[in-house]
Amino acid sequence: MQNHPKLSLIEHFKDLPDPRVDRTKDHDLIDLLVIAIGTLLCAGESFNDMEDFGRAKQDWFKTFLTLRNGIPSHDTFNRLFAALDPKAFLDCFLRWTQSLRVAVAQEVVALDGKALRRALNGDQSVKYIVSAWAEDNGLVLGQLKVADKSNEITALPALLRVLELSGCVVTVDAMGTQKKIAQEIVEADADYVLALKGNHETVHEEVKTFLDETVAELSKPRPVGAKLSTAAASLAALETVEKDHGRLETRRYYQSTALDWFADRAKWQGLKSVGMVEAIREIGAQRTVERRYYLSSLPLGVATFARAVRGHWGVENKLHWVLDVCFREDQSRARVGYAAENLATLRRLALNLLKRERTKKRGIKGKQLNASWDHAYLLRLLGVPI
């Protein structure tokens, strides 16, 4: 991955194609985009919020925006985002995000889908957005809407092709564990850690049996001088322990490159190892044990495998959870044209702006509050050249 020059947000979006015909262009496209992004940065959500936010701060916006016909109406925002080409918008988003991204060796990039549960009409199916979360950078690298009446498997290859993933470790949940996905990741010059569940019943059972038996062999008492099997002797292991609010969580990571037993290993491009995580959670007298299994292109190096598995949960805890709690994405009713997809991109853009701003030692909601009452701070988030 290359380092790119850092350009302002406006610079990256100034060439975004405007879908409106000339006679309806009462407001400059960049003005609409900046007001919309500013609204989300200050905890607004809807097109009505964008209009109200713009009117409340009209005098301030005039200091760096054209506003040749004042503040756009909520209907104008609605029509724009419903008509805006989501691919062109995503291309701008990708270029801007790459300008912020710092090169990290073997950075964990987690891919996962999220439902837009209220962005539908009548008998429409629920829309899904697949996002790529760069754990070390704390950035959303990109996102794509899943085709209607389909699932996230169809969007993953397309998203993989537009991201810069060279040298990264890409993690995917069980839904995306497919031979084609493994091939796409390897062709992107990246490694993969793919979760296994019942959707690959045979592979899951084979990997589970091998690792369970190998780990069990290690735990059994052995007569003096007795040798371990080759698989057990070469098994790499790592244990971590976390204590938090009365909860004790122990995770044991295991990785093996002994794959002679796996008949289908050649069908998974780049496959070099299998892995398992045993999570033991203790809360008071209650104790639960869960094991999860993985296919990976990583060579033996259990610390890297453990970091990848642990890093995958960032897409849930640091992205999806924040989008629902701080941006109320699950409550959005925008559904006309491309509005749902474009607003999803806009939210992730706003989240990236808030994540990369580090002068405030606050969470996302706290930064949104600061942006809402501090114009200098909001300008810093926007990167507006003034």
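1. A residue counts as buried when its relative accessible area is under 20%. That cut-off is needed for the helix discussed below. The model is predicted.

2. Start with helix H2. Twelve of its 13 residues are buried, so the rest of the structure largely encloses this helix. The buried set opens with Leu29 and, after a gap, runs from Asp31 through Leu32, Leu33, Val34, Ile35, Ala36, Ile37, Gly38, Thr39 and Leu40 to Leu41. Note that Asp31 is among the buried residues of H2, as is Thr39.

3. The length of H2 checks out. The helix covers residues 29-41. At 1.5 Å a residue, its 13 residues should span 18 Å, and the end C-alpha atoms are 18 Å apart, which agrees.

4. What follows H2, and what is the sign of its phi? Ala43 follows the helix, and its phi is positive, near 80°.

5. Now the whole chain. It holds 15 helices and nine strands. The C-alpha trace spans about 85 × 45 × 40 Å along its principal axes. Of the 386 residues, 51% count as buried.

6. On contacts, take pairs of residues at least 6 apart in sequence. Among these contacts, 63% join residues at least 24 apart.

7. Surface and charge come last. The accessible surface of the chain is about 18,000 Å². Carbon and sulfur atoms account for 50% of that surface. The chain carries 55 positive and 50 negative side chains. The centres of the two charge sets lie 3 Å apart.

Note on methods: Residues numbered from 1 in each chain as written. Predicted model: local features only at pLDDT ≥ 70, side-chain atom pairs only at ≥ 80, totals over all residues. Heavy atoms only, no water. Helix = DSSP H or I, 4+ residues; strand = E, 2+ residues; numbered from the N terminus. Expected span 1.5 Å × (residues − 1). Buried < 20%, exposed > 50% of the residue type's maximum accessible area, 1.4 Å probe, protein only. Contact = heavy atoms within 4.5 Å. Areas by Shrake-Rupley, 256 points an atom, 1.4 Å probe, with all protein chains shown as cover. Lys, Arg positive; Asp, Glu negative; His and termini not counted. Charge placed at Lys NZ, Arg CZ, Asp CG, Glu CD.
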